[in-house]
Amino acid sequence: MLRILFCLLLAAPALAAPPTEGPSPLWGMLQVIFGLLLVLAAIVGIAWLFRRFSMGAMLGRFQPARVVSGVMVGPHERVVIVELAEEWLVLGVTSRNVNLLKSMPKPAGYDAGQPAANPPFAQWLAAAMDKARKRQGDGDK
């Protein structure tokens, strides 16, 4: 009796339905590609949401410090004037560190809305191109 029961247990997988084929390799590859695209889209979406609603973007509207002026004094060195709460900080900026050179009160006659002493790059470029055209016109005659 025990032998018959043991034989039936061993033969049970053979008596079961034949195994069905799994999904095709193409379908498996499409699932992997879809999953990767879904993960990449989630990463991009989360990054966009973080950038749009982060505290840094909200605080960006209120800027307690503002760069007033700056000048290059070497290939990697600058002297920068920063306005911070009615005070001007003169900073030495290098590629490795920032040093406070001098601190002084904001000048009384300075208007924050006035244009900078140096014209914007676009105006400078247009003036330089006009000069070059005039020189070329004079050289052709």
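Student: Where does Ile-81 have its place?

Tutor: Ile-81 sits in strand 2. Strands here are DSSP runs of E with at least two residues, helices are runs of H or I with at least four residues, and both are numbered from the N terminus. Before we go on, please keep in mind that this is a predicted model: local features need pLDDT of at least 70, side-chain atom pairs count only at pLDDT 80 or more, and totals for chains, interfaces and linings use all residues. Residues are numbered from 1 along each chain as its sequence is written, and side-chain values use heavy atoms, with hydrogens and water left out.

Student: Does Ile-81 count as buried, partly exposed or exposed?

Tutor: Buried means under 20% relative accessible area, exposed over 50%, and partly exposed in between, with a 1.4 Å probe and protein chains only. Ile-81 has 21% relative accessibility, so this residue counts as partly exposed. Its C-alpha atom is 5.4 Å from that of Val-68, although the two residues are 13 apart along the chain.

Student: How many helices and strands does the chain have?

Tutor: There are four helices and four strands. Read from the N terminus, the order is α-α-α-β-β-β-β-α. Of the chain's 141 residues, 8% count as buried.

Student: Which residues does UniProt give for the "transmembrane region"?

Tutor: The UniProt record, an unreviewed entry, puts that feature at residues 26–50. UniProt positions are in the numbering used here, feature names are shortened, and annotations may be inferred rather than shown by experiment. In the model, residues 26–50 are 100% helix and 0% strand, and the C-alpha atoms at the two ends are 36 Å apart.

Student: What span should helix 2 have, at 1.5 Å a residue?

Tutor: The expected span is 1.5 Å times one less than the number of residues in the helix. Helix 2 covers residues 25–53, so its 29 residues should span 42 Å, and its end C-alpha atoms are indeed 42 Å apart. Among those 29 residues the count of buried ones is zero, so to speak a helix that is hardly covered.

Student: Which residues make the nonpolar surface patch?

Tutor: Patches are built from residues with over 30% relative accessible area and no salt bridge; like charges are joined within 9 Å, and nonpolar side chains (Val, Leu, Ile, Met, Phe, Trp, Tyr) within 5 Å. The areas come from the Shrake-Rupley method with a 1.4 Å probe, and for residues only the protein chains shown count as cover. Here Met-29, Val-32, Ile-33, Leu-36, Leu-37, Val-39, Leu-40 and Ile-43 make a nonpolar patch of about 780 Å². One of them, Ile-33, belongs to helix 2 and is partly exposed at a relative accessible area of 42%.

Student: How many salt bridges does the structure hold?

Tutor: A salt bridge is a side-chain nitrogen of Lys or Arg within 4 Å of a carboxyl oxygen of Asp or Glu. The structure holds three. Arg-66 pairs with Glu-83, with the closest N and O atoms 2.8 Å apart. Arg-66 lies in strand 1 (residues 65–72) and Glu-83 in strand 2, so this pair ties together parts that are 17 residues apart in sequence. Glu-83 also forms a salt bridge with Lys-106, at 3.2 Å between the closest N and O atoms. That pair links distant parts of the chain, 23 residues apart: Glu-83 in strand 2 and Lys-106 in the loop between strand 4 (98–105) and helix 4 (121–140). Arg-66, Glu-83 and Lys-106 are thus linked in a network of salt bridges.

Student: Is Glu-83 buried or exposed?

Tutor: Glu-83 counts as buried at 10% relative accessibility, whereas Arg-66 counts as partly exposed at 30%.

Student: Where do Asp-130 and Arg-133 lie?

Tutor: Both lie in helix 4, three residues apart, about one turn of the helix. Their side chains meet in a salt bridge at 3.4 Å, N to O. Asp-130 counts as partly exposed, with 38% relative accessibility.

Student: What phi does Ala-85 have?

Tutor: Most residues other than glycine have a negative phi. Ala-85 has a positive phi of about 55 degrees, and Glu-86 has a positive value near 60 degrees. Ala-85 is in the loop between strand 2 and strand 3 (87–93), and Glu-86 is also placed in the loop between strand 2 and strand 3. Ala-85 is exposed at a relative accessible area of 65%, and Glu-86 is exposed at 54%.
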